[in-house]
Amino acid sequence: MLQNEYRPFLTEIKEIVKHTDIEYTFRVTYEGAVKPGQFFEVSIPKYGEAPISVCGINDGTVDLTIRRVGKVTNEIFQHRAGDRLFLRGPYGNGFEVENYKNKELVIVAGGTGLSPVRGVVEYFAEHPREVKGMTLIAGFKTPRDILFQADFARWREKMQVILTVDQAEEGSTHQVGLVTEYIPRLALNNAGKAVAVVVGPPAMMRFTTLALLKAGFREENIWISQERKMCCGIGKCGHCKVNDTYVCLDGPVFNFTKNRTLID
Amino acid sequence: MGYLFTQDGINAVLERWADDYLIYAPVRMAGGGAFSDTDSIRYGQVRRVEEIVFDQKSNYSFKEILLPLSQTLFFFTEDEVKEAEASPKGAIILLRSCDLHGVKRLDEIYLKNGFEDFFYQRLRSNVKFVLLGCQKAFDNCFCVDMQTNTIDSYDASLEQSGDGYVLDNRCAGWEPLLAEHSLKQLDVRPSHVTETRVRVEIPDGLSIEVAKSKIWDEYDGRCINCGRCNFVCPTCTCFTMQDIFYTDNGKVGERRRVAASCMVDGYTDVAGGGSYRKKNGERMRFRVLHKVYDFKERFGCHMCVGCGRCDDICPEYISFSHCVNKLGGALKEVKNGAAK
């Protein structure tokens, strides 16, 4: 009998980390191959399914950072450590860290966009010798919206970290400014050979890639991760299709040379 | 092998088929049309040949049998997830050449694009197709230009011939049954049309650049994004997952998939408020290019099969075939740099 890919499997929530009022990381049991940038359909019977990207891969568990913005995620937030959670997946192509090895790497993340790319940041934080230099530019709306607070301190020891917020109250110690402002100031040996990963809201990705190109990055050295509505995750429901491309199958990670041709 | 049947003869065959299969064909739904005192021709279950509408195009396609408009996938009780049961019977679907070409498009998406779809495959593996010969082209048909006017991959064909019915059989297991109830054997070739009044020309060298043309703007105002074109299309297969729980007992519920339309609001909405293609012209462009450009880029054949149902149903009299015929000019417009 053909395997039913729509049938979700049960996992157990091991731990929940609260970043903000509406963004928690759920650590759930999962044994199996999974890459940073891939996603799972979190499946809540009687409420629905939501595609959630993998933000951390550990021994026997994966981390899913979820923002509470709808019917399904509201329901997920009712769960506590020890509860069970249905998943399907992992789906999508994910990031290939091989593409970034032995190069100067710049990762630009906006808001929850940090979560799909966090696995790449973690990889090079653990293997700093595998890149020629690494910069993480992470932008959030306000200091209250900053995700993975605890990770930043650790990352600062391994790479250059620019943590910025769009706006902060007067007297705040946070750097204020859009992520694009920091791109012209990047101290790179050779922007023409450097690689970049950009993940965030559509407008942020558009202006960030423009800024990177202006700074001398080559199109083929930029990768982005797209977000679309996905009901199935397996190339059937059609919601994520752009031109001849299914974001769930061929993405969500795209090289910029491909991404440029994706006209919604 | 070909056969000639009387009405009673073919009904005897249908009766036997009904032991193992649910038989679906275009039937008349009296009063079901868009205007008062008009009928609708839709797919329904048949038992007798008189119920089958041979001389009109069905307003809706066969696809609802393979991909029901609302299909329950799972039942949920407490922590248990139970797959919805399959029908114990297979299906025989009577359909025209364009629609049978449409099945190939459904197969590309549901059997080959990523994982095989469990629920589709379960139904599909137990379906036989009976081709309805087309003795004439209907309004808005353009199958000849889409090269979908003939097809060989049928299990049998059926059409009226004088007072009787002729059938060409390609299913070895049916031979004894057909021989038993037929008047005689004869050479049968299913009728097909060789010309249609409506013609389309898909320009060579079509590319996504055509998205920049101004031709799409007119649909911002004309299209009312009702999605009827999607629902009648034999090759539109999008769905949205829908979970429900029963009001009498919230612990029990089900997960369904329901037909979705790329023309209707909400199709691209992501959590948190983002959405793509907000204008109706952009949605029209997305649909038209999917049908006659990007599906072929991915799967090797055009998605559109030229049935013309979208043109038949549009309440705003928007013509898909006219739009396709404008693509050549749109391409020139973009190439000449006259685009916005």
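This is a walk through a predicted two-chain model, stop by stop, with something to select at each one.

Before you click, note that residues are numbered from 1 along each chain as its sequence is written, while chains are lettered from A and ligands numbered from 1 in the order in which they are written. The model is predicted, so local features need pLDDT of at least 70 and side-chain atom pairs count only at pLDDT 80 or more, while totals for chains, interfaces and linings use all residues.

**Stop 1: the two domains of chain A**

Colour A 9-91 as domain 1 and A 97-259 as domain 2; these bounds come from an automatic or database domain assignment. Their C-alpha centres lie 21 Å apart. Where they meet, domain 1 of chain A puts in 18 residues and domain 2 of chain A puts in 20 (contact means C-beta atoms, placed from the backbone, within 7 Å).

Which elements should you show on the domain 1 side? Strand 3 (39-44), strand 4, strand 5 (61-67) and strand 6 (84-91) of chain A each give two or more residues to the side that touches domain 2. Strand 4 of chain A gives the most, with 6 residues. Helices and strands here are DSSP runs, numbered from the N terminus (helices: H or I, at least four residues; strands: E, at least two). By class, this side of domain 1 of chain A divides into 7 nonpolar, 7 polar and 4 charged residues. Nonpolar covers Ala, Val, Leu, Ile, Met, Phe, Trp, Tyr, Cys and Pro; charged covers Asp, Glu, Lys and Arg; the others, Gly among them, count as polar.

**Stop 2: backbone oddities in chain A**

Stay on strand 6 of chain A and pick A:Pro90, which lies in it. The peptide bond joining A:Gly89 and A:Pro90 is cis, with omega about 0 degrees. Another cis bond runs from A:Gly251 to A:Pro252, with omega near 5 degrees. A:Pro252 sits in the loop between helix 5 (247-250) and strand 15 (253-255) of chain A.

Now go to A:Asn243, in the loop between strand 13 (241-242) and strand 14 (245-246) of chain A. A:Asn243 is not a glycine, yet its phi is positive, at about 50 degrees. Is A:Asn243 buried or exposed? Partly exposed, with 19 other C-beta atoms within 10 Å; buried takes 20 or more such atoms within 10 Å, exposed 12 or fewer, and partly exposed is in between, with C-beta atoms placed from the backbone.

**Stop 3: where the chains meet**

Show both chains. Here 34 residues of chain A are in contact with 39 residues of chain B. Strand 4 (residues 48-58) of chain A supplies the largest share of the chain A side, 3 residues. That side has 14 nonpolar, 9 polar and 11 charged residues.

**Stop 4: the cores**

Next, select A:Val42, A:Leu64, B:Ile93, B:Leu94, B:Val130 and B:Leu167, which touch the most other members of the largest nonpolar core, a set of 114 residues. A core is a set of buried Ala, Val, Leu, Ile, Met, Phe, Trp, Tyr and Cys residues joined through C-beta atoms within 7 Å. Helix 9 (residues 280-299) of chain B gives the most to this core, with 7 residues. Both domains of chain A give residues to the core, so it lies between them.

Zoom in on B:Val130: leaving out residues up to four places away in sequence, its contacts include B:Ile93, B:Leu94, B:Tyr154 and B:Leu158. A second, separate core has 43 residues, among them A:Val108, A:Val179, A:Ala196 and A:Val197.

**Stop 5: a sheet in chain B**

Show strands 5, 4, 12 and 11 of chain B: in that order, these 4 strands form an open antiparallel sheet. The edges, each pairing on one side only, are strand 5 (80-83) and strand 11 (239-246) of chain B. Neighbouring strands are turned by 25 degrees against each other on average, direction ignored (axes are lines fitted to C-alpha atoms, for helices over the stretch in contact, and angles run from 0 to 180 degrees between N-to-C directions).

Strands count as paired if DSSP finds at least two bridges between them. Strand 4 (residues 70-77) and strand 12 (residues 249-259) of chain B are joined by 7 bridges; check B:Phe75 with B:Glu254 and B:Thr77 with B:Val252. Strands 11 and 12 of chain B pair over 8 bridges and form a hairpin with 2 residues between them. Find B:Tyr246 with its partner B:Asn249, then B:Phe239 opposite B:Ala259.

**Last stop: B:Asn225**

Finish in the loop between helix 7 (217-222) and helix 8 (228-232) of chain B, the place of B:Asn225. B:Asn225 has a positive phi of about 40 degrees although it is not a glycine. B:Asn225 is partly exposed, with 17 other C-beta atoms within 10 Å.
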